Amino acid sequence: MTTDPQDDASTASKASNVVEASNVSADAGPTAASGRGGAGRADPFGWLDGAARARAEAGLTRRTRPRVPDEDLLDMAGNDYLGLTRHPEVTGAAADAARRWGAGSTGSRLVTGDTALHGELEAELAAFYGTEAALVFSSGYAANLGMVTALAGAGAHLVCDRYNHASLIDATRLAKAAGARVSLFDHADAGAALAALGAHPAERRLVVSDTVFSVDGDLTDLPALARVCAEEGAALLLDDAHGLGVVGDGGRGALGAARIPAAERGGIVVTATLSKALGAQGGAVLGPQRVIRHLVETARTFIFDTGLAPAAVAGALAALRVLRAEPERAARLRETARRLAAGLGELGLDVHAPDAAVVSVGAPSPDAAVAWARRCREAGVRVGCFRPPSVPDGRSRLRLTARADLDEVEVKRVLDVVGSTRPT
Ligand SMILES: Cc1ncc(COP(=O)(O)O)c(C=O)c1O
């Protein structure tokens, strides 16, 4: 466990920035510093060329690559875990909402951006999770920033898992700038979280963790973390982006899966995204009513952000209803993840038994991971590829996401392609 600090936050950021294209450090060192243009005037962006060169030399160049709607690739990189993004009830509800309300929500939810659909989704999400209330944000990222910054504040002590997602890391950086202290604890180690809490007594203490870690797909020890927080009187802030629709009976998320006693739930607040298992877009914070009320009045990413578009709200609501009606989708997804991991293990690849939908396969280097992902794509299978700073140095990997709608033939095809294209 390491305490406080700027440096720790940047170390942690190497571990967990999931959206590959958006997390590149702009600091390129001395070669990037020169900024004189041809006419002798300073070139304000001259340093960018050096930064790009440094990333290229480290094998960390990133490019966007547009999808085509009916491409032939088998998608093992997206987060449409339950196969709902193109479900007719989901797309139909989204289209109806767009026709009724327009393409956007027209303003902050506190001004013009709120519709009855938002309230319906919040009520059904809260009921599904077993929390008192929920609040929908425009993204999971915004939900994490809003939750952490509104509940921390000057003098608070935030105790964070070292491998938290980039959005939680950014949230704690903002909280730190507002006067909170930030400590990191060893990954998924509730004892280390307890030690960190004890090291700096503060009136407001908050433990912050992903439930399912986004790159490796492993779970935190939620029962132990919840116990530590309850005993210490600390709040527990969880990001269940990869738990909703995936873990627990019927995909009810990590809180349900961990069977946290009611007495410990009053101090727990959870975020979820609507953009993964629910196949839509947006995020939500779920927890006690008084926390949600506080967020409505103080969370800057709620107040100063345009409300989630009605089409996304309606799509997520329809997806949630499909999941409730077909709870077996979550179990099928987890079984597919297990079959994939077992098959990759039999091929001698570096893979762990998955706790959720993510199957992470070790690669020898950043360049090898990129080339491996490219060969998979050329052979018809899209896989995710993670390199620093998305993962720590030495832990470059392919990330495959199981889906509930994959059949046996597709699973075999994935195994054949990933195995036959492996680095030699
Ligand atoms: C663990 C985790 N938290 C939060 C987010 C952000 O969610 P969203 O994409 O809805 O902004 C992601 C998405 O990549 C994630 O993986």
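**Ligand shell, sheet and helix packing in a predicted model**

The shell around the ligand divides into four nonpolar, ten polar and two charged residues. The model is predicted.

Colleague: Which residues come nearest to the ligand?

Modeller: The ligand has 16 residues around it. Three of the shell residues come from helix H5 (residues 140-151), the largest share. Those that come nearest are Ser139, Gly140, Tyr141, Ala241 and Thr273.

Colleague: Which strands are the edge strands of the open sheet formed by four strands?

Modeller: The order in this sheet is E2-E11-E12-E10, with mixed pairing. An edge strand pairs on one side only. The edge strands are E2 (74-76) and E10 (358-362).

Colleague: How many bridges join strand E11 to strand E12?

Modeller: Strands of a sheet pair through backbone hydrogen bonds, either parallel or antiparallel. E11 (residues 381-386) and E12 (residues 397-401) run antiparallel. Cysteine 385 stands opposite leucine 398 in E12. The number of bridges joining E11 to E12 is three.

Colleague: Which helix packs on the sheet, touching E11 and E12?

Modeller: The helix in question spans residues 366-378. Its direction makes about 170° with that of E11. This is helix H15.

Colleague: Are H7 and H8 roughly parallel or roughly antiparallel to each other?

Modeller: Helix H7 (residues 190-199) and helix H8 (residues 222-232) pack with their axes 9 Å apart, at an angle of about 25°. Angles under 35 degrees count as roughly parallel. H7 and H8 are therefore roughly parallel.

Colleague: How many residues of the contact of H7 with H8 are nonpolar?

Modeller: H7 passes H8 in a right-handed crossing. Ala190, Ala193, Leu194 and Leu197 of H7 make the contact with Ala224, Leu225, Val228 and Glu232 of H8. One residue of this contact is charged and no residue is polar; the nonpolar ones number seven.

Colleague: Is the crossing of H4 and H13 left-handed or right-handed?

Modeller: The axes of helix H4 (residues 116-129) and helix H13 (residues 310-325) are 9 Å apart, and the helices pack at an angle of about 30°. H4 and H13 are therefore roughly parallel to each other. Their crossing is left-handed.

Colleague: How many residues in the contact of H4 with H13 are charged?

Modeller: H4 contributes Leu117, His118, Glu120, Leu121, Glu124, Leu125 and Phe128 to the contact. From H13 come Pro310, Val313, Ala314, Ala316, Leu317, Leu320 and Arg324. Ten residues of this contact are nonpolar and one is polar; the charged ones number three.

Technical notes:
Residues are numbered from 1 along each chain as its sequence is written. This is a predicted model: local features need pLDDT of at least 70, side-chain atom pairs count only at pLDDT 80 or more; totals for chains, interfaces and linings use all residues. Two strands pair if DSSP finds at least two bridges between them. Helices (H or I, at least four residues) and strands (E, at least two) are DSSP runs, numbered from the N terminus. Two residues are in contact if their C-beta atoms, placed from the backbone, lie within 7 Å. Axes are lines fitted to C-alpha atoms, for helices over the stretch in contact, and angles run from 0 to 180 degrees between N-to-C directions. A residue is near a molecule or strand if its C-beta atom, placed from the backbone, lies within 6 Å of it. Ala, Val, Leu, Ile, Met, Phe, Trp, Tyr, Cys and Pro count as nonpolar, Asp, Glu, Lys and Arg as charged, and the others, Gly among them, as polar. Angles under 35 degrees count as roughly parallel, over 145 as roughly antiparallel, 65 to 115 as roughly perpendicular and the rest as oblique. A crossing is left-handed if the near helix is turned anticlockwise from the far one by less than a right angle, and right-handed if clockwise.
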